[in-house]
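This report describes one protein chain, going from a single residue to the packing, the main pocket and a sheet.

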Amino acid sequence: MRTVYVNGEYLPETEATVSIFDRGFLMADGVYEVTSVLGGKLIDFGGHLARLERSLSELDMKKPAAFDDLLDIHRELVRVNGITDGLVYLQVTRGSDGDRDFVFPDPETTEPTLVLFTQSKPGLADNPAAKTGIKVIGIEDIRWGRRDIKTVQLLYPSMGKMMAKKAGADDAWMIEDGHVTEGTSNNAYIVKGNTIVTRHLSTDILHGITRAAVLRFAREAQMRVEERAFTMDEAKAADEAFVTSASAFVMPVVEIDGTALGDGTPGPVARRLRDIYLEESLKSAV
């Protein structure tokens, strides 16, 4: 049985509760972060904390009282749950004032809800899919207009993953105005020649923490990077493709809408970036 954290208390998961009037439950009025754990250490924690602070600010949501203790809370959950490789999920909602209303509750009298829990994922960095690559399909992007805020509004991405599964693929890339925005739970990239292409930052996509690190490592390795929108036709004609996320790290894509990329196996750029990211991130893990 896992130990979880709820509003200042470490509890057995079976004893953890939040109000039925919590705005995260009623209105998806909440934000979240997922931090990977490798070898018992947190990967890119500083980036996740900075993005959490930004998400809270963009939604005018009060910081939880334990905000400055989040590193200690993460470490304690990793310790008590014996996590070697896995994930720590964190969620902050606007809380509950004891009823349902569209108007935000008074932050002076309503505290945010803070929940954290762990997921054990032995061999997280050795995912077999990294050696074979994944298949993606394209779907229309019909999400709200502030995708840069990491909210718990994940219904459509979940539907997208099910669309991909039904089509015999592993994931979906979302398309708006003819251009790829991002994957259902990751940032999307193509490689043509010696150039890595990925969507530029805006309110159209999530500002991925792994994305930022991977692009930094790519430039340090003298790889050429273009941050711009690209079409699915460009993607199908690319030499290779990949996605990045906190849990998948760098994951090669070998097929897009039924079109195999290159020889249908993970390309050298994706493989090299995955190795660099894992090596460098472990050096700075906390």
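Lys283 belongs to helix α8, which covers residues 268-284. The model is a predicted one. In it, Lys283 has a relative accessible area of 59% and is therefore exposed, the cut-off for that class being over 50%. Along the chain Lys283 and Ile43 are 240 residues apart, and their C-alpha atoms are separated by 9.3 Å.

Helix α8 also takes part in the packing of the interior. The largest nonpolar core is made up of 28 residues, and Ile196, Phe242, Val269, Leu273 and Tyr277 have the most contacts inside it. At least two residues of this core come from each of β3 (30-38), β5 (86-93), β10 (187-192), α6 (209-220), β14 (249-256) and α8. The largest share is that of α8, with 6 residues. A second core, separate from this one, has 22 residues, among them Val31, Leu42, Met61 and Val88. In soluble globular proteins, nonpolar side chains tend to be buried together.

Leu273 shows the packing at the level of one residue. Leaving aside residues up to four places away in sequence, Leu273 touches Ile196, Val214, Ala218, Met223, Phe242 and Val250.

The next topic is the pocket. The largest pocket holds about 1,200 Å³ of space. Its lining consists of 46 residues, and those nearest the pocket centre are Tyr32, Lys161, Thr184, Ser185 and Asn186. Two or more lining residues come from each of β3, α2 (45-58), β5, β6 (113-120), α5 (155-166), β9 (179-183), α6 and β13 (240-245). Of these elements, α5 gives the most, 5 residues. The table breaks the lining down by residue class.

| Class in the lining of the largest pocket | Count |
|---|---|
| Nonpolar | 21 residues |
| Polar | 16 residues |
| Charged | 9 residues |

Strands β3, β5 and β6, each of which gives two or more residues to the pocket lining, are also members of a sheet. This sheet is open and has 6 strands, in the order β2-β1-β6-β5-β3-β4, with antiparallel pairing. At its edges are β2 (9-12) and β4 (41-42), each of which pairs on one side only.

Which strand does β4 run antiparallel to, and how many bridges join the two? The partner is β3, and 2 bridges join β3 to β4. In one of the pairings, Val37 has Leu42 of β4 as its bridge partner. Leu42 is also one of the residues of the second core.

Note on methods. Residues are numbered from 1 along each chain as its sequence is written. This is a predicted model: local features need pLDDT of at least 70, side-chain atom pairs count only at pLDDT 80 or more; totals for chains, interfaces and linings use all residues. Side-chain values use heavy atoms; hydrogens and water are left out. Helices (H or I, at least four residues) and strands (E, at least two) are DSSP runs, numbered from the N terminus. Buried means under 20% relative accessible area, exposed over 50%, partly exposed in between (1.4 Å probe, protein chains only). A nonpolar core is a set of buried Ala, Val, Leu, Ile, Met, Phe, Trp, Tyr and Cys residues joined through side-chain atoms within 4.5 Å. Contact means heavy atoms within 4.5 Å. On a 1 Å grid over the protein atoms alone, a cavity is a set of points where a 1.4 Å probe fits but cannot get out, and a pocket is an open set with protein on both sides within 12 Å along at least five of seven lines; lining residues have an atom within 4 Å of a point. Grid points are joined across faces, edges and corners, and a volume is the space filled by probe spheres set on the points. Ala, Val, Leu, Ile, Met, Phe, Trp, Tyr, Cys and Pro count as nonpolar, Asp, Glu, Lys and Arg as charged, and the others, Gly among them, as polar. Two strands pair if DSSP finds at least two bridges between them.
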